[in-house]
Amino acid sequence: MRHEEDDVEYILFICTDPEGEDAAPGDLTTEQWGADVDARGVWRHGDRLRPVEAATTVRRRGDDVLLTDGPFAETREHIAGYDVIEAADLDEAVAIAAAHPMARAGRIEVRPVWPLDGGD
């Protein structure tokens with residue numbers, strides 16, 4: 001397992017995109033991508049998410065807890081899953097995300113994790 005002192009955790013939000021493309025010859029499958037990042041020691045955890053119809057949005061206003069079925073935003077795209085990786089920097093995290101099949105079929109938002117005890 002790779003764990004460099006200066007590595008940063010990144011979350012990859014795996015998103016659908018109605019304008020996505022089909023896989024190209026030579027693209028990795030999701031299983032191959034997962035095996036690759038796991039073997040390299042950069043994958044921490046991840047999974048798919050149930051469809052947006054299973055989502056519940058929670059808001060608290062005053063003393064009231066408000067629940068809404070479905071996601072907060074009304075969009076054609078949705079977050080279908082996530083992966084947490086460890087990378088030396090954003091460039092490495094982007095390279096890892098770019099190899100994911102959903103980078104072509106959908107899109108991937110790469111965001112550094114900001115630990116509560118991590119300061120600014």
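Select Cys-15 and Arg-107 to begin: Cys-15 stands opposite Arg-107, a residue of strand β6. The model on screen is a predicted one. Extend the selection to residues 8-15, which make up strand β1. This strand pairs with β6 in the antiparallel sense, and the pairing runs over six bridges.

**The sheet**

Next, display the strands that accompany this pair. The open sheet has four strands, and their order across it is β2-β5-β1-β6. Their pairing is antiparallel. Which strands stand at the edges? Select residues 43-48 for β2 and residues 107-112 for β6. Each of these has a single partner strand, so one side of each is left without a neighbour in the sheet. Turn the view so that the sheet is seen along its strands; from one strand to the next, the twist averages 15°.

**The whole chain**

Now show the entire protein as a cartoon. Three helices and six strands can be followed. Beginning at the N terminus, the elements come in the order β-α-β-β-β-β-α-α-β. The C-alpha atoms fill a box of roughly 50 × 40 × 20 Å along the principal axes.

With the chain in full view, consider how its parts meet. Among contacts with a separation of 6 or more, 79% are between residues 24 or more positions apart. Of the 120 residues, 26% count as buried. A surface display adds the outer view: the accessible surface comes to about 8,800 Å², and carbon and sulfur atoms account for 51% of that area.

**A nonpolar patch**

Keep the surface on and select Val-58, Val-65 and Leu-67. Together these residues form a nonpolar patch with about 320 Å² of accessible area. Centre the view on Val-65, which is found in strand β4, residues 64-69. Is Val-65 buried or exposed? Its relative accessible area is 56%, and residues over 50% count as exposed, so Val-65 is exposed.

**Salt bridges**

Switch to side chains for the next stops. Side chains of opposite charge can pair when their charged atoms come close. A search of the whole structure finds five salt bridges, and three of the pairs can be visited in turn.

Select Arg-104 and Glu-21. Their side chains meet in a salt bridge at 3.2 Å, N to O. Arg-104 lies in helix α3 (residues 102-105), whereas Glu-21 lies in the loop between β1 and α1 (30-39), so the pair ties together parts that are 83 residues apart in sequence. Arg-104 is partly exposed at 32% relative accessibility, and Glu-21 is likewise partly exposed, at 47%. Add Asp-27 to the selection: Glu-21, Asp-27 and Arg-104 are linked in a network of salt bridges.

Move to Arg-40 and Asp-36. The salt bridge between their side chains spans 2.9 Å, N to O. Arg-40 has a relative accessible area of 40% and is partly exposed; Asp-36, at 31%, also counts as partly exposed.

Finally, select Arg-111 and Glu-109, whose side chains meet in a salt bridge of 2.3 Å, N to O. Arg-111 is partly exposed, with a relative accessible area of 43%. For Glu-109 the value is 33%, and this residue is partly exposed as well. The tour thereby returns to strand β6, residues 107-112, at one of the edges of the sheet.

Methods
Residues are numbered from 1 along each chain as its sequence is written. This is a predicted model: local features need pLDDT of at least 70, side-chain atom pairs count only at pLDDT 80 or more; totals for chains, interfaces and linings use all residues. Side-chain values use heavy atoms; hydrogens and water are left out. Two strands pair if DSSP finds at least two bridges between them. Helices (H or I, at least four residues) and strands (E, at least two) are DSSP runs, numbered from the N terminus. Axes are lines fitted to C-alpha atoms, for helices over the stretch in contact, and angles run from 0 to 180 degrees between N-to-C directions. Patches are made of residues with over 30% relative accessible area and no salt bridge: like charges are joined within 9 Å, nonpolar side chains (Val, Leu, Ile, Met, Phe, Trp, Tyr) within 5 Å. Accessible areas come from the Shrake-Rupley method with a 1.4 Å probe; for residues, only the protein chains shown count as cover. A salt bridge is a side-chain nitrogen of Lys or Arg within 4 Å of a carboxyl oxygen of Asp or Glu. Buried means under 20% relative accessible area, exposed over 50%, partly exposed in between (1.4 Å probe, protein chains only). Contact means heavy atoms within 4.5 Å.
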